[in-house]
Amino acid sequence: MSMFHIIIALGAVGALIFLVGIAKGAVGALRSGHDTDADSEAGVVDSGHYGFTAAFAVVASAVVIALAGVAPGLIYLGPLLAIVTAAGVGTAFLVEGH
Amino acid sequence: MDKTSLLATPGLTPSVGFAAMIGLGLFLLVLSFLIRRALVRNTHDFIIANRKIGLGFGVGSVIAVWTWAMAVMMSSAMTYKWGLSGLFWFVVPNGFAVMAMIPFARLLRRNMPQGYTISEFVEYRFGHSKVASGIVTVTMIFGILLEILINLKGTSVVISTVFAIDWKIAAIVGILCVLTYSYFGGLWTSVMTGTLNTLMVTVPAAIVVAAVYHNINGGTEAVFQAVQAADQRNLSVLRPDAAAGFGITLAFGLLAATVADQTFWQKVWSIKSREVTRTFFWAGALFYPIPICLGMLGLVGIAYGLAPSDIGGDIAAIGPYVVSHIGLPLFLVVVYVLAILAACYSTIDGASAALSSVVAVDIVRRYWPCTAEGRLFMITKLSMFAGGAVALGIVLSGADFTTLVLTTYALKTAVLLPLVLAIIWPRTNTLGFVGGISLAILFGMSIRSVYGELIGTLSILGISGATVIIAGLLGREQFSLASLRNVGNLIESVPPNASPAGLHPAPAASGGN
């Protein structure tokens with residue numbers, strides 16, 4: 001099975017996660033979007049610390065690009081991670097509010 | 001790898017191109033109607049989505065508005081021009097720029113939870129200074145217009161390259177498609193269609209890039225060897241000329257493009273407050289793979305020895321040229337085009353939504369506070385058409401793509417440090433803020449035109465930041481950000497036929513300048 005076919009298969013999985021997520025999100029938005037009650041949590045902002053994880057993401061992106069210049073097969077890291085992005089957005093809908 | 005073997009995929013007729021542009025527009029228009037019917041009743045819904053956007057749509061829409069024609073086409077172009085160093089300098093600061101919003105977004109959302117625009121923050125921060133808020137409003141409008149026209153130019157480049165449609169026609173059709181659907185739902189439409197468009201620039205884009213390499217005799221190995229043979233430095237991320245040539249300048253410019261952009265601040269105030277921080281982190285991190293994936297097309301351009309003259313003169317066309325000439329089946333080329341269009345449409349849409357918020361809050365409500373809700377709603381929506389028309393006019397004039405981008409970044413760079421300091425440093429005062437931006441534009445832009453991008457950018461940052469700091473140290477004022485918690489909803493969520501609504505008087509800020 002070539003890398004192209006693997007990416008198609010994984011892409012389908014990533015797209016499915018995305019679509020399940022966005023469907024949940026759309027239903028939730030339609031239910032709460034018209035709610036004119038004042039946001040009882042206005043001004044309450046997540047105070048989690050993202051410094052290290054943000055730094056990790058920045059460094060990881062640099063490493064992935066550098067790896068494309070190390071071995072030819074690692075050129076496919078970009079497309080593979082793009083599928084992770086789609087799945088990630090879908091996951092964001094699923095973990096919303098938790 | 002012989003570039004003469006590259007031939008246009010058969011069937012890429014202008015009709016197919018128009019079908020792609022208009023078809024995508026119609027699909028999004030139907031969605032827009034449904035969204036408007038369900039979620040949009042008034043200006044408040046239109047410009048701030050009733051502050052009900054959750055994590056999912058927040059992440060998806062932030063990625064969508066940040067995935068400009070830049071991310072999907074310039075990533076390939078910079079790789080083509082500088083090798084992996086070009087991709088490195090283009091990509092790494094890009095995702096960071098989104099995540100860099102986090103501390104500022106958190107501060108303002110906590111202390112000014114009912115805000116709408118960054119210009120509004122500046123107005124209250126500096127004691128209702130019309131000059132300070134006016135400068136920021138003008139900068140925001142200018143930045144939004146350039147955002148629209150850059151992506152409109154991107155649309156015209158890809159359509160004209162792949163389908164041989166006159167680029168001016170492509171630009172006209174493109175802007176009409178976007179404005180038609182975004183007119184109906186404002187921010188909710190932008191957020192939902194943008195999130196859907198994020199799917200287009202991920203999975204289909206990944207499949208197309210993989211297909212390109214699959215279609216090359218020898219695949220990634222052959223491309224790798226050819227790229228290395230063309231220039232050893234192509235596979236290195238450590239080329240100093242890439243850093244000096246555009247990388248460092250772009251890095252600062254990208255920071256300015258998020259922190260000093262109403263498109264992102266509109267998201268800050270429209271996303272549920274508990275999800276703001278997470279949204280910008282997830283969006284920044286998940287954004288990275290998109291330009292990395294599409295950047296790999298630039299390596300193919302190098303491998304085939306393509307010259308800019310082979311692809312119409314604009315290196316931004318390298319991605320579309322490779323995809324449409326490598327021998328892919330017609331439907332995959334169309335999928336790629338739809339991915340690019342999705343990126344461009346969603347960014348133009350998001351920018352138009354941001355423009356509507358600026359017009360409603362920073363212009364109409366500020367200067368004509370007694371405007372009835374119905375009229376305000378109509379003006380807000382029509383402002384999107386005005387912005388699109390201006391952007392279209394500039395694009396049709398034929399300005400160079402790269403020049404437009406670098407000019408945008410330079411102007412926003414002048415606002416960046418003063419704005420950051422206004423948020424985090426209590427001693428920033430009006431004189432320093434206004435003076436810093438003005439002097440940076442006046443002298444920094446002149447230095448830039450003489451000494452180039454790098455020195456120009458550093459000069460702009462230095463002049464603007466130093467002016468703010470010096471003025472702040474010389475002055476005695478201290479501003480309490482917490483005083484902005486009393487700023488109320490400027491645009492009430494009222495039925496469209498509500499009677500004329502006056503400006504909701506915000507309680508006087510305490511501890512201000």
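Here are a few friendly notes on the contact between chain A and chain B, and on one residue of chain B, B:N215.

1. Please keep in mind while reading that this is a predicted model.

2. Let me start with the interface as a whole. Chain A contributes 64 residues to the contact and chain B contributes 65 residues. Between them the two chains bury about 5,400 Å², and carbon and sulfur atoms account for 74% of that area. On the chain B side, the residues that lose the most area to chain A are B:K52, B:F224 and B:R274, which together make up 10% of what that side buries.

3. Next, the polar side of the contact. There are zero salt bridges between chain B and chain A. Three residue pairs are in polar contact across the interface, with both residues at pLDDT 80 or more.

4. Where does the largest share of the chain B side come from? Helix α11 of chain B, residues 203-214, supplies it with eight residues. By residue type, the side of chain B that touches chain A has 41 nonpolar, 13 polar and eleven charged residues.

5. Now to B:N215, which sits in the loop between α11 and α12 (219-230) of chain B. Is this residue buried, partly exposed or exposed? B:N215 counts as partly exposed because its relative accessibility is 35%, between the 20% and 50% cut-offs.

6. As for the surroundings of B:N215, its contacts beyond the neighbours within four places in sequence are B:I326, B:G327 and B:L328. B:S464 lies 249 residues from B:N215 along the chain, and their C-alpha atoms are separated by 51 Å.

Methods: Residues numbered from 1 in each chain as written. Chains lettered and ligands numbered in written order. Predicted model: local features only at pLDDT ≥ 70, side-chain atom pairs only at ≥ 80, totals over all residues. Heavy atoms only, no water. Contact = heavy atoms within 4.5 Å. Buried area = accessible area lost by both parts, 1.4 Å probe. Salt bridge = Lys/Arg side-chain N within 4 Å of Asp/Glu carboxyl O. Polar contact = N/O pair within 3.5 Å; in protein donor to acceptor, adjacent residues only side chain to side chain. Helix = DSSP H or I, 4+ residues; strand = E, 2+ residues; numbered from the N terminus. Nonpolar A, V, L, I, M, F, W, Y, C, P; charged D, E, K, R; others polar. Buried < 20%, exposed > 50% of the residue type's maximum accessible area, 1.4 Å probe, protein only.
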